[in-house]
Amino acid sequence: MSGAGKKIADVAVKASKGIDWDGMAKLLVSEEARKEFSSLRRAFDEVNTTLQTKFSQEPEPIDWEYYRKGIGSRLVDMYKEAYDSIEIPKYVDTVTPQYKPKFDALRKTALAECLFELQLVEFKEAEENSLKESERLEKEIIEVQEMKKKISTMTANEYFEKHPELKKKFDDEIRNDYWGY
């Protein structure tokens with residue numbers, strides 16, 4: 001394996017281990033964001049797989065003796081000399097240092113936006129729940145105030161109309177001859 005190819009494959013492996021795909025997916029709120037995110041993940045996985053398979057295999061060594069027997073040593077020696085003289089330049093990454101700070105900044109911004117969206121949704125839900133609870137409590141306050149005004153002149157039948165569960169309880173106790181002692 002060439003040095004450059006191995007380095008690229010190693011970087012891809014390290015990058016894929018450092019990404020919390022599930023954690024990021026939980027932060028997404030809109031359906032469009034989920035689609036884009038799954039598309040990004042698929043593309044990343046495809047590139048990562050390609051890098052793993054293409055650059056992770058060592059090339060088979062050339063059996064020069066086999067070719068010497070079939071072709072002749074003079075021609076094979078000429079090819080071997082040319083092959084050995086080839087120098088594959090080392091890969092020097094000049095792009096990553098330029099774009100890594102920009103990428104990190106974009107990632108932080110995107111994460112902050114996702115968190116903001118998530119909090120906004122939670123706040124809206126809490127607001128709706130609060131409004132519903134306020135309405136329920138206001139109705140209950142009105143009922144209690146009405147009950148307070150009428151309690152001194154209210155008959156048992158009028159009270160039981162508003163609270164049929166109590167009437168049923170009392171009727172059951174009387175029917176079962178249970179008088180509380």
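Reader: How does Arg175 count on relative accessibility, as buried or as exposed?
Author: The model is predicted, its local features need pLDDT of at least 70 and its side-chain atom pairs count only at pLDDT 80 or more, while totals for chains, interfaces and linings use all residues. Residues are numbered from 1 along each chain as its sequence is written, and side-chain values use heavy atoms, leaving out hydrogens and water. Buried means under 20% relative accessible area, exposed over 50% and partly exposed in between, with a 1.4 Å probe and protein chains only. Because its relative accessibility is 60%, Arg175 counts as exposed.

Reader: What is the distance between the closest N and O atoms in the salt bridge of Arg175 with Asp172?
Author: Arg175 and Asp172 both lie in helix α8, three residues apart, which is about one turn of the helix; a helix here is a DSSP run of H or I with at least four residues, a strand a run of E with at least two, and both are numbered from the N terminus. A salt bridge needs a side-chain nitrogen of Lys or Arg within 4 Å of a carboxyl oxygen of Asp or Glu. Between Arg175 and Asp172, the closest N and O atoms are separated by 2.7 Å.

Reader: Which residue, four residues from Asp172 in helix α8, also forms a salt bridge with Asp172?
Author: Asp172 is partly exposed, because its relative accessible area is 24%. Its partner lies about one turn of the helix away, again within α8. With the closest N and O atoms 3.1 Å apart, the residue bridged to Asp172 is Lys168.

Reader: Which residue following α8 has a positive phi?
Author: Helix α8 covers residues 164–175. The residue with a positive phi comes after this helix, and the angle is near 60°. That residue is Asp177.

Reader: How many salt bridges are counted in the protein?
Author: One of them joins Arg68 to Asp77, whose closest N and O atoms are 2.5 Å apart, and both residues belong, with Glu65, to a network of salt bridges. Arg68 counts as partly exposed because its relative accessibility is 21%, and Asp77 is likewise partly exposed, because its relative accessible area is 35%. The count of salt bridges comes to twelve.

Reader: Which element gives the most to the nonpolar patch on the surface?
Author: Ten residues need not be listed in full here: the patch includes Ile62, Tyr66, Tyr79 and Ile88, and its members together have about 1,100 Å² of accessible area (Shrake-Rupley method, 1.4 Å probe). Patch residues have over 30% relative accessible area and no salt bridge, with like charges joined within 9 Å and nonpolar side chains within 5 Å. Two or more residues come from each of α4 (64–71) and α5 (73–85). The element that gives the most, with four residues, is α5.

Reader: What is the relative accessible area of Ile88?
Author: Ile88 is part of the nonpolar patch, and its place is in the loop between α5 and α6. Ile88 counts as exposed because its relative accessible area is 63%.

Reader: What share of the residues in the protein is buried?
Author: The secondary structure comes to eight helices and zero strands, so that the elements run α-α-α-α-α-α-α-α from the N terminus on. Among the 181 residues of the protein, the buried share is 9%.

Definitions and conventions. Expected span 1.5 Å × (residues − 1).
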